[in-house]
Amino acid sequence: MALRDRLVHLLTEAAEIDHNLLCSYLYAAFSLKRGPAHGLSEAESKVVGRWRETVMGVAIEEMAHLALANNVLLALGGAPHFTRPN
């Protein structure tokens, strides 16, 4: 396999990994309880809110990784890769 083909393959795998991770982090962030209506005290709500912010920050970083992997794929003459296995 040519070096370019190998690099395109690895970047495609990286894009799939980043896509799966960002979906997992988004699911986790949006699955956290919110406030007293969900059985949390005020203190617990503040802590869970900080968790949500942290997890969302990581999801955003994964989105940036996905964009970077796809930008390099395009620079190499490949196609952007946004599919992922379930």
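The exercises below work through the fold, the two helices, a loop residue and the surface of one protein chain.

The model is predicted, so local features need pLDDT of at least 70 and side-chain atom pairs count only at pLDDT 80 or more, whereas totals for chains, interfaces and linings use all residues. Residues are numbered from 1 along each chain as its sequence is written, and side-chain values use heavy atoms, with hydrogens and water left out.

**Exercise 1. Overall form**

Task: Determine what radius of gyration the protein chain has, and set it beside the value for a compact globule of 86 residues.

Solution: Begin with the secondary structure, which consists of two helices and zero strands; helices (H or I, at least four residues) and strands (E, at least two) are DSSP runs, numbered from the N terminus. The globule rule, 2.2 Å times the number of residues to the power 0.38, is applied with a radius of gyration taken over C-alpha atoms. A compact globule of 86 residues would come out near 12 Å, but the protein chain has 18 Å. The C-alpha trace, followed along its principal axes, spans about 60 × 20 × 15 Å. Finally, turn to contacts, meaning heavy atoms within 4.5 Å: of those with a separation of 6 or more, 70% join residues 24 or more positions apart.

**Exercise 2. Two helices and their buried residues**

Task: Check how far apart the end C-alpha atoms of helix H2 are, and find which residues of H1 are buried.

Solution: The expected span of a helix is 1.5 Å times one less than its number of residues. For the 34 residues of H2 (residues 42-75) this gives 50 Å, which agrees with the 49 Å between its end C-alpha atoms. For the 29 residues of H1 the expected span is 42 Å, and its end C-alpha atoms are 42 Å apart, which agrees.

Next, apply the burial classes: buried means under 20% relative accessible area, exposed over 50%, and partly exposed in between (1.4 Å probe, protein chains only). In H1 the buried residues are Val8, Leu11, Thr12, Ala15, Asp18, His19, Leu22 and Ala29, and they pack against H2. An α-helix has 3.6 residues a turn, so residues three or four places apart point the same way. In H2 the buried residues include Val48, Arg52, Ala59 and Leu66, and their cover includes H1. One pair to inspect across the sequence is Ala28 and Ala59, which are 31 residues apart along the chain, with C-alpha atoms separated by 9.7 Å.

**Exercise 3. A loop residue**

Task: Leaving aside neighbours within four places in sequence, establish which residues Arg34 is in contact with.

Solution: Locate Arg34 in the loop between H1 and H2, where its 42% relative accessibility makes it partly exposed. Beyond those neighbours, Arg34 is in contact with Leu40 and Arg52. Arg34 and Arg52 are 18 residues apart in sequence, and their C-alpha atoms are 9.8 Å apart in space.

**Exercise 4. The salt bridge**

Task: Find which side chains meet in a salt bridge.

Solution: The criterion is a side-chain nitrogen of Lys or Arg within 4 Å of a carboxyl oxygen of Asp or Glu. A search of the whole structure finds one salt bridge, in which the side chains of Asp5 and Arg4 meet at 3.3 Å, N to O. Asp5 is partly exposed, with a relative accessible area of 39%, and Arg4 is also partly exposed at 39%.
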